[in-house]
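Me: I would like a close look at a single residue, and then at the parts around it. Keep it brisk, and give the cut-offs as you go.

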Amino acid sequence: MEEDFMKPAISVVDELLEAGVNVTVYNGQLDLIVDTMGQEAWVRKLKWTELSKFNQLKWKPLYNDPTSSETSAFVKSHKNLAFYWILKAGHMVPSDQGDTALKMMKLVTGQRVGWTGLQVSCLALGHRS
């Protein structure tokens, strides 16, 4: 890993986005190794033609439980780029917030998810909630 450890991959992500490949970035709110502000910073460096529209979006709250007012995550999505900010999770999102991570993966893979607050973001991703 010494050869490619901590090297930027922004150009690769740009190529994927321009080719129409769906790209999902996710981050745990409590991650001290790869913090959300750092993730947002490299996303802002993309050369993707739709980036200005993505950057104008506000974070949309997502809720695991339709009866709860407790936010589980936030999402921003436009065309083929989605960014999930998972709350109460560190570097190991699936371990820290398994239910939220599973629902996010179901969205990414186009499976039906009963996640409230999702209609707007799913439509942008081409998924149905």
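Reply: What follows starts from Asp 31, in its loop, and then turns to the helix, strands and salt bridges.

This is a predicted model, in which local features need pLDDT of at least 70 and side-chain atom pairs count only at pLDDT 80 or more, while totals for chains, interfaces and linings use all residues. Residues are numbered from 1 along each chain as its sequence is written, and side-chain values use heavy atoms, with hydrogens and water left out.

Asp 31 is found in the loop between β1 (23-28) and α2 (36-44). Helices (H or I, at least four residues) and strands (E, at least two) are DSSP runs, numbered from the N terminus. Asp 31 is buried, yet has no salt bridge. Buried means under 20% relative accessible area, exposed over 50%, and partly exposed in between (1.4 Å probe, protein chains only). A salt bridge puts a side-chain nitrogen of Lys or Arg within 4 Å of a carboxyl oxygen of Asp or Glu. The nearest side chain of opposite charge is Arg 44, 16 Å away. Lys and Arg count as positive here, Asp and Glu as negative; His and the chain ends are not counted.

What does the Asp 31 side chain reach? It reaches the backbone nitrogen of Val 34 at 2.9 Å. A polar contact of 2.8 Å also joins the side chains of Asp 31 and His 91. Such a contact is a pair of N or O atoms within 3.5 Å; within protein, one must be able to donate a hydrogen and the other to accept it, and residues adjacent in sequence count only if both atoms are side-chain atoms. Leaving aside residues up to four places away in sequence, Asp 31 touches Ala 89, Gly 90 and His 91. Contact means heavy atoms within 4.5 Å.

Now the helix α1 (residues 10-18). Ile 10, Val 13, Asp 14 and Leu 17 are buried there. They cover an arc of only 105° around the axis, which puts them on the same side of α1. The arc is that of the directions from the helix axis to the C-beta atoms. The buried residues of α1 pack against β1, α2 and β4 (81-86). Just after α1, Gly 20 takes a positive phi of about 85°.

Next, β4. 5 of its 6 residues are buried, so β4 is largely enclosed by the rest of the structure. β1 runs parallel to β4, joined by 6 bridges. Val 23 stands opposite Leu 81. β3 (residues 73-78) runs antiparallel to β4, also through 6 bridges. Ala 73 has Ile 86 as its bridge partner. Two strands pair if DSSP finds at least two bridges between them. β3 and β4 form a hairpin with 2 residues between them, and Lys 79 in the turn has a positive phi of about 50°.

Last, the salt bridges. The whole structure holds 3. Glu 70 and Lys 88 form one, with the closest N and O atoms 2.4 Å apart. This pair links distant parts of the chain, 18 residues apart: Glu 70 lies in the loop between β2 (60-62) and β3, Lys 88 in the loop between β4 and α4 (93-96). Glu 50 and Lys 53 meet at 3.7 Å, N to O. Glu 50 counts as buried at 16% relative accessibility, whereas Lys 53 is partly exposed at 44%. Lys 103 and Asp 99 form a salt bridge at 4.0 Å.
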